[in-house]
Amino acid sequence: MPELPEVEALRDFLTGHLVGREVAGALPVAFHVLKTYDPPLSTVTGRTVEAVRRHGKFLDLDLGGGPGDRLHLITHLARAGWLRWQEKLPATPPRPGKGPLALRVTLADPPPDSSPGEGPPGAGFDLTEAGTQKRLAVYVVRDPAEVPGIARLGPDPLDAGFTTEALAAVLGGERRQLKGVLRDQSAIAGIGNAYSDEILHVARMSPFKPAGNLTETETAALHQAIRTTLDDAVARSRGIAAGKLKAEKKSGLRVHGRTGEPCPVCGDTIREVSYRDSSLQYCPTCQTGGKPLADRRTSRFLK
């Protein structure tokens with residue numbers, strides 16, 4: 001699943017490729033992807049992209065407009081979605097079918113007096129989604145807050161206001177485990193399964209540690225781990241072409257998705273706890289005092 005660093009890198013990439021360009025059309029290929037109907041998707045045609053923003057894991061194309069007429073084309077890539085940029089899209093419109101293509105956005109030809117960097121004619125991007133769980137979502141709204149997932153977002157961990165004190169306020173009174181709180185978008189925006197594993201490894205904390213029991217020193221350590229992990233991931237991703245961001249994410253992970261491999265810090269074997277539709281990875285020596293955590297799925301099989 002694309003998380004904050006990848007979506008931030010996409011935002012940076014699209015800013016350089018879309019801002020100032022006119023939308024020639026937006027064609028839904030998988031109709032389930034469109035979650036709003038007023039304004040209709042057709043209203044984005046002819047609009048100029050004024051800015052590209054990020055809200056947690058949401059990408060927001062600000063299409064400008066006057067008071068009460070501003071439009072935003074917003075995308076959430078969900079677990080298996082991705083954005084594929086093409087310098088020249090196929091001339092033949094795509095047909096609805098069983099393939100991964102969900103929506104295509106085409107740009108108008110650049111004006112005759114445009115500079116070389118303003119992009120070639122026929123450029124644009126496809127939104128695709130692999131697998132059977134179709135959760136990729138596209139919204140056309142006048143205000144980003146109209147999207148329920150954006151309205152409930154917690155603080156952005158890359159924001160200057162996300163201080164140690166802000167994190168303490170998020171954790172205060174929590175009865176859940178750290179892993180669950182870090183993944184909760186209404187608690188902290190943008191962190192998912194992979195980077196929560198990475199953050200907890202850097203902080204040397206168990207994913208099962210009660211979030212409300214952290215001391216001031218532990219809260220400061222967790223805050224530092226959040227900032228350094230995400231900042232480093234964004235720095236690695238910045239400037240990389242959209243099509244190569246997935247590979248960059250995987251190569252930069254130290255524990256997530258590396259079950260059975262040696263921990264890069266201490267050399268212990270990275271272990272896993274599995275759930276119905278996801279799993280977490282951790283290092284026992286670095287995070288749990290050398291004690292393996294109970295894998296509920298494995299325990300159930302052994303009964």
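Which residue in E6 does Pro 28 stand opposite? Look for Leu 103, which is the residue of E6 that faces Pro 28. The views below all come from a predicted model, and each one invites you to look at one part of it.

**View 1. Four strands line up to make an open sheet.** Follow the strands in the order E1-E6-E7-E5, and you will see that their pairing is antiparallel. At the edges are strand E1 (23-28) and E5, each of which pairs on one side only. Ignoring direction, neighbouring strands of this sheet are turned by 15° against each other on average.

**View 2. Five bridges hold the place where E1 meets E6.** Strand E6 covers residues 101-107, and E1 and E6 run antiparallel. Here you can find the Pro 28 and Leu 103 pair again.

**View 3. Helix H1 packs on the sheet.** This helix spans residues 4-18 and touches E5, E6 and strand E7 (124-129). Compare the direction of H1 with that of E5: the angle is about 25°.

**View 4. The largest pocket has a volume of about 1,000 Å³.** It is lined by 35 residues, and the closest to its centre are Met 1, Lys 57, Ala 78, Arg 79 and Asn 193. Several elements give two or more residues to the lining, among them strand E5 (81-86), strand E8 (137-141) and helix H5 (193-203). Helix H7 (245-252) also belongs to that group, and the largest share, three residues, comes from H7. Sorted by class, the lining has 12 nonpolar, 11 polar and 12 charged residues.

**View 5. Lys 179 sits in helix H4.** Is Lys 179 buried or exposed? With a relative accessible area of 8%, Lys 179 counts as buried, because buried means under 20%. Leaving out residues up to four places away in sequence, Lys 179 touches Asn 193, Ser 196, Asp 197, Leu 200, Pro 207 and Leu 280. You have already met one of these, Asn 193, among the residues closest to the centre of the largest pocket.

**View 6. Ile 240 lies in the loop between helix H6 (216-237) and H7.** Its relative accessible area is 21%, so Ile 240 is partly exposed. Not counting neighbours within four places in sequence, Ile 240 is in contact with Phe 13, Leu 245 and Glu 248. Now find Thr 217: Ile 240 and Thr 217 are 23 residues apart in sequence, and from C-alpha to C-alpha they are 36 Å apart in space.

Notes. Residues are numbered from 1 along each chain as its sequence is written. This is a predicted model: local features need pLDDT of at least 70, side-chain atom pairs count only at pLDDT 80 or more; totals for chains, interfaces and linings use all residues. Side-chain values use heavy atoms; hydrogens and water are left out. On a 1 Å grid over the protein atoms alone, a cavity is a set of points where a 1.4 Å probe fits but cannot get out, and a pocket is an open set with protein on both sides within 12 Å along at least five of seven lines; lining residues have an atom within 4 Å of a point. Grid points are joined across faces, edges and corners, and a volume is the space filled by probe spheres set on the points. Ala, Val, Leu, Ile, Met, Phe, Trp, Tyr, Cys and Pro count as nonpolar, Asp, Glu, Lys and Arg as charged, and the others, Gly among them, as polar. Buried means under 20% relative accessible area, exposed over 50%, partly exposed in between (1.4 Å probe, protein chains only). Contact means heavy atoms within 4.5 Å. Two strands pair if DSSP finds at least two bridges between them. Axes are lines fitted to C-alpha atoms, for helices over the stretch in contact, and angles run from 0 to 180 degrees between N-to-C directions.
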